[in-house]
Amino acid sequence: MSAVERALRVAAPYALLDTIRASLTDLYQAHQVELLMADYSLTVLQPVTELPHTARPLPVHTSAPGRAFGSQEPFAEPGASEGTRLLHLPVTVRGDRLGILSVGLDSSTLTPSVQDELWEIAEMLGYHIIVAERDTDLYLQARRKSRLTLAAEMQWQLLPGRACARDEYAIGAQLEPAYAIRGDNFDWSATEDRLTLTVTNGMGEGIEASLLTNLVVNSLRNARRAGVSIADQAALADQAVYGQYRGDAHVSVLLLEFHLDTGLVEIVDAGSPKLLRLRAGAVEHIPFEAQLPLGLADETPYEAQRIRVERGDRLIFVSDGVHAVTSKAGEPYGQRALARAILDTQLLPAAEVPRAVLTELGGHRDDDALDDALVVCLDWYGRHPASADAPPA
């Protein structure tokens, strides 16, 4: 595997697939090597080619590569020729599911140890794709089954990823409509002892909504990287938005900082995103003292509230495009239907929950009046004792 790592490290950013194909052919006598990228809506896996969209995409839910993508485990199927196998391997970086590496081998070659080696190589390839995306559009182009709006392009480029996993937590998130998202967004950042998570519900349409959200997300990042508290992060972002728009535009944000050692969570609720918690098989809405959205008034003071999370908690964050949406008949989606969707997906990993909840929502809302819809799922494993001294939720 060290030879594969060296080859990937010196390869041109756009040539990772050719490099991995040559390496696997040489080392494992592979007779087929393909890279499939998950699209923005997480519904299809698209082959990486020099000219995107020239090869047929495969559905995530009804294909063999999709089975490996969903389970995050290798899956082998019979190859095109007798005595061969086609092995599908997850390409995942720290919980963020990028796609699938498919490798065709002779059945006699595909031993358990070889499968483990190839799985590790697929993970290695994922890290190199993340780095290569700074210098080539190839992999980003392969992720889209249709053209993104400019506003959506700006929003997706602003995101940290769609999933993240550590020993203490796992996060999954999804935006819809994936190819025309406007103002909703999410962000996270971790240190050794803290996790900061923001859920943003931007107002407006098109480019204006995206520009506003970009200002807020980067203002919060700037404040966070200065080392200030989350209350001060909110205050500084509020000043940035008010200074630019003078109260004519505002952004709703739910800002959270998790203490990994204790399970303490400091929260600033500045608007419409909602938090629901699944604990011991029951779903409940966790209310906070509402504070003004960012940018609505000059020099708004913000205060952090506290709750405690426990091992096994699942937290679901939703924008108003989820909790406040109505059907064509005017029926609200509401907390009851949302709670039912959360219960129906409780056996899924965090990375899959947002897509599943939004699929359920898609059958309820009026597509002709589609608002941005954002779902973030956080599973809390923690490293704190159950008796940690913190306020109860």
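Two strands count as paired here if DSSP finds at least two bridges between them. Helices (H or I, at least four residues) and strands (E, at least two) are DSSP runs, numbered from the N terminus. What you have in front of you is a predicted model, in which local features need pLDDT of at least 70, side-chain atom pairs count only at pLDDT 80 or more, and totals for chains, interfaces and linings use all residues. Residues are numbered from 1 along each chain as its sequence is written, and side-chain values use heavy atoms, with hydrogens and water left out.

I'll start with a sheet. Six strands make an open sheet with antiparallel pairing, in the order β7-β8-β17-β16-β13-β14. At its edges are β7 and β14 (282-285), each pairing on one side only. On average, neighbouring strands in this sheet are turned by 15° against each other, direction ignored; the axes behind that angle are lines fitted to C-alpha atoms. At the β7 edge, 3 bridges link β7 to β8 (residues 169-176), and A163 has G172 in β8 as its bridge partner.

β7 also leads us to the largest pocket. The pocket holds about 700 Å³ of space. A pocket, on a 1 Å grid over the protein atoms alone, is an open set of points where a 1.4 Å probe fits, with protein on both sides within 12 Å along at least five of seven lines; lining residues have an atom within 4 Å of a point. The volume is the space filled by probe spheres set on the points. There are 25 lining residues, and D96, I130, L159, P160 and G161 are the closest to the centre. β7 (163-165) is one of the elements that supply at least two lining residues, as are β6 (96-106) and α4 (112-132). Where does the pocket lie? It lies between domain 1 (3-143) and domain 2 (150-380), because both give residues to the lining. Those bounds come from an automatic or database domain assignment.

Next, strand β11 (residues 251-259). Here 9 of 9 residues are buried, meaning under 20% relative accessible area with a 1.4 Å probe, protein chains only. V251, V253, L255, E257 and H259 point one way, while S252, L254, L256 and F258 point the other. In a regular strand, side chains alternate between the two faces of the sheet.

β11 has antiparallel partners. With β10 (residues 194-202) it forms 9 bridges, and T196 stands opposite E257. With β12 (residues 264-270) it forms 6 bridges, and L255 stands opposite V268. The hairpin of β11 and β12 has 4 residues between the strands, and G263 there takes a positive phi near 80°.

Terms used:
Axes fitted to C-alpha atoms, helices over the stretch in contact; angles between N-to-C directions. Buried < 20%, exposed > 50% of the residue type's maximum accessible area, 1.4 Å probe, protein only.
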